[in-house]
Amino acid sequence: MSVPDTRKRPTVDLNTAVQMLERLLGAQIEEHQRLRTCIDRKREAIRAADIDAITSVCGDENAIIQRIGELEKRRLELVARMTQAVAPKAAAPMTMSQLGASLGEAPGARLTAYADQLKALINDVKRQSSIVRAAAETLSNDMNGIVQTVHSALTRARVYSRRGQINLGVQLESSLDLKS
């Protein structure tokens, strides 16, 4: 992933940049918490085999992931600009840990705490997402098995013709005289 070239932009006031970065990290934390909630909702929808709910949750997840992506782009750009202000000769943007260490005790500790919280949430989302993915695959395999079983039963019963239409078979026409 490439980071935008920030050398053309003026350097930023570090106090303002730290506040902006804290807000961005806070917003990313909130979005990851929302994503975690969606994953829990999806797990329940899968447990209930509610396809409509699964589809709805997937739409919600997609919107959240888009917002996270936009926040991450802004964070990367800001970190690159802050790196230029702190270490003008740096070949690459600093990591959050490096940036936190270079900013001093109070702002650095706050940034590091935000970054650690975000990292923990990201790891939790990845872990929970893999569990839900496995459950979704199991549900999909079960549904495919049911479809194959029904198809097999219908084929053996000769309910459908080779052309895929319902086979009406021989119709027996008869009548019964109930008066006699």
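Trainee: What makes Glu-72 and Arg-75 a salt bridge?

Mentor: This is a predicted model, and in it their closest N and O atoms are 2.6 Å apart. The cut-off is 4 Å between a side-chain nitrogen of Lys or Arg and a carboxyl oxygen of Asp or Glu, so the pair qualifies. Both residues lie in helix α2, 3 residues apart, about one turn of the helix.

Trainee: Why is Arg-75 called buried, and Glu-72 partly exposed?

Mentor: Buried means under 20% relative accessible area, and Arg-75 has 13%, so Arg-75 counts as buried. Glu-72 has 24%, which falls between the 20% and 50% limits, so partly exposed is the right label.

Trainee: How do you know that Glu-31 and Arg-67 link distant parts of the chain?

Mentor: Glu-31 sits in helix α1 and Arg-67 in helix α2, 36 residues apart. Their closest N and O atoms are 3.1 Å apart, so this is a salt bridge under the 4 Å rule too. Glu-31, at 9% relative accessibility, is buried, while Arg-67, at 38%, is partly exposed.

Trainee: What makes Arg-36 and Asp-124 a tie between parts of the chain?

Mentor: Their side chains meet in a salt bridge, 2.7 Å from N to O. Arg-36 is in helix α1 and Asp-124 in helix α4, so the bridge ties together parts 88 residues apart in sequence. Both residues are buried. They also belong to a salt-bridge network with Asp-40, Arg-43 and Arg-127.

Trainee: And how many salt bridges are there by this rule?

Mentor: The count comes to 13.

Key: Residues numbered from 1 in each chain as written. Predicted model: local features only at pLDDT ≥ 70, side-chain atom pairs only at ≥ 80, totals over all residues. Heavy atoms only, no water. Helix = DSSP H or I, 4+ residues; strand = E, 2+ residues; numbered from the N terminus. Buried < 20%, exposed > 50% of the residue type's maximum accessible area, 1.4 Å probe, protein only.
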